[in-house]
Amino acid sequence: MQQNNENANHTEKQQNRREFFSGFLTTLAIILPVCVAVYMMTTPLFNRKDLTSQTVSEEQKDVPIKAAKSYNLLWVLSSSEADHLLSVALLRFDVDQYRIAVCNFHYLTVVLQSKSPIDLSTLYAQRGALAVRDALEETLSIPISGYVNVDTDALTETIDALGELSYTLDKEVTVHNAEGLLIYSKPAGTNLFSGNDIANLITYGNDTDTDLMELHEQLWHTALLQYGNETFSSQLSDLYSKLVDHINTDINTAGIYALTKAVETVCSETGTQVEVIRPQGQFNGGRFELNAGADAHLWTFFSKI
């Protein structure tokens, strides 16, 4: 009896071993091909990736660097305190003529927005710098590559970083507040202007008897001649990263590269050729109205990009 029980136990153990090995082999038969397939699929993939990157690198050696193209940049300056419009200027970095053309627009210039007239200051207050860009494109039929909207804090830091601006005033400039207290003063003659000086001159320029359009045009001409050298683009790049919180722009990475190439091409070690263009028009009721031929006049300077 005891021997029969031992034989039965032995037989049961053998059967359990067979079932275990059978299950193990079945599982292995399923898993192994999957592992092999994954290996076969992924290994060539990484190899192909490496080969592709090497091929691209080799091909890039023979690809010429894209030539710089002219760039039309819209500069929009606003007050850091009240966020109202102070200045609008269109700059063209012309790689064909190797010059910077700049056209300053009075902040009360009348433009078209969806075919309706509106001044730049009101438009900026209602819809911002992008709307100013779109309206100038609509009014003047000039392609604008991108806009940069900065405040007076950013302007102050930019001038201080680039160095004081040597600028000549035809006459003394003084500004008083409503109570008659002196806010700002600069004597006639050549002065070194800090960033804060320039910000004050632009902010309070409208409160003096100074020709505001002429003042801005002279500031642009003087600044571009003084700062527009071979290091100008690299200095602006460094400043951009520091002042990003004070800058609003629609220029993407590719646009920044295109702008940098244009600036590098135009600005040289010997200096930069600068041409100031005044928009054709006249003041009427406190606002600056463009003449019918203003777009054709500006088109000769800011046409293609």
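This is a guided tour of one predicted model, going from its sheet to the helices that lie on it and then to a few single residues.

Residues are numbered from 1 along each chain as its sequence is written, and side-chain values use heavy atoms, with hydrogens and water left out. Because the model is predicted, local features need pLDDT of at least 70 and side-chain atom pairs count only at pLDDT 80 or more, while totals for chains, interfaces and linings use all residues.

**The sheet**

Begin by selecting the open sheet of six strands, whose order is β11-β6-β1-β2-β3-β12 and whose pairing is mixed. Strands here are DSSP runs (E, at least two residues) and helices likewise (H or I, at least four), numbered from the N terminus; two strands pair if DSSP finds at least two bridges between them. At the edges you will find β11 (247–249) and β12 (273–276), each with a single partner strand, so one side of each is left without a neighbour in the sheet. Neighbouring strands of this sheet are turned by 20° against each other on average, with direction ignored.

Next, select β1 (residues 71–78) together with β2 (residues 85–94), an antiparallel pair joined by eight bridges. To see one of the pairings residue by residue, pick L74, whose bridge partner in β2 is L90.

**Helices across the sheet**

Now add helix α3 (residues 129–140), which lies across β1, β2, β3 (99–105) and β6 (146–151) and runs at about 135° to β6. The angles run from 0 to 180 degrees between N-to-C directions, and the axes are lines fitted to C-alpha atoms, for helices over the stretch in contact. Helix α4 also lies across β1, β2 and β6, but α4 runs at about 90° to β6.

**Two helix pairs**

Keep α4 (residues 152–162) selected and add α7 (residues 232–242): their axes come within 11 Å and cross at roughly 135°. That makes α4 oblique to α7, given that angles under 35 degrees count as roughly parallel, over 145 as roughly antiparallel, 65 to 115 as roughly perpendicular and the rest as oblique. Show the side chains of E157, T158, A161 and L162 in α4, which meet F232, Q235 and L239 in α7 (contact means heavy atoms within 4.5 Å). By class, this contact of α4 with α7 has four nonpolar, two polar and one charged residues.

Then move to α5 (residues 195–204) and α6 (residues 212–227), whose axes come within 10 Å and cross at roughly 155°, which means that α5 is roughly antiparallel to α6. Here I198, L201 and I202 of α5 make the contact with L215, H216 and L219 of α6.

**A salt bridge between strands**

A search of the whole structure finds seven salt bridges (a side-chain nitrogen of Lys or Arg within 4 Å of a carboxyl oxygen of Asp or Glu). One to select is R287 with D119, where the closest N and O atoms are 3.7 Å apart. R287 lies in strand β14 (residues 287–290) and D119 in strand β5 (residues 116–119), so the pair ties together parts that are 168 residues apart in sequence.

**Two loop residues**

Finish with the backbone of Y98, in the loop between β2 and β3, which has a positive phi of about 55° although it is not a glycine. Then select S141, in the loop between α3 and β6, where phi is near 55°, a positive value in a residue other than glycine.

Methods. Nonpolar A, V, L, I, M, F, W, Y, C, P; charged D, E, K, R; others polar.
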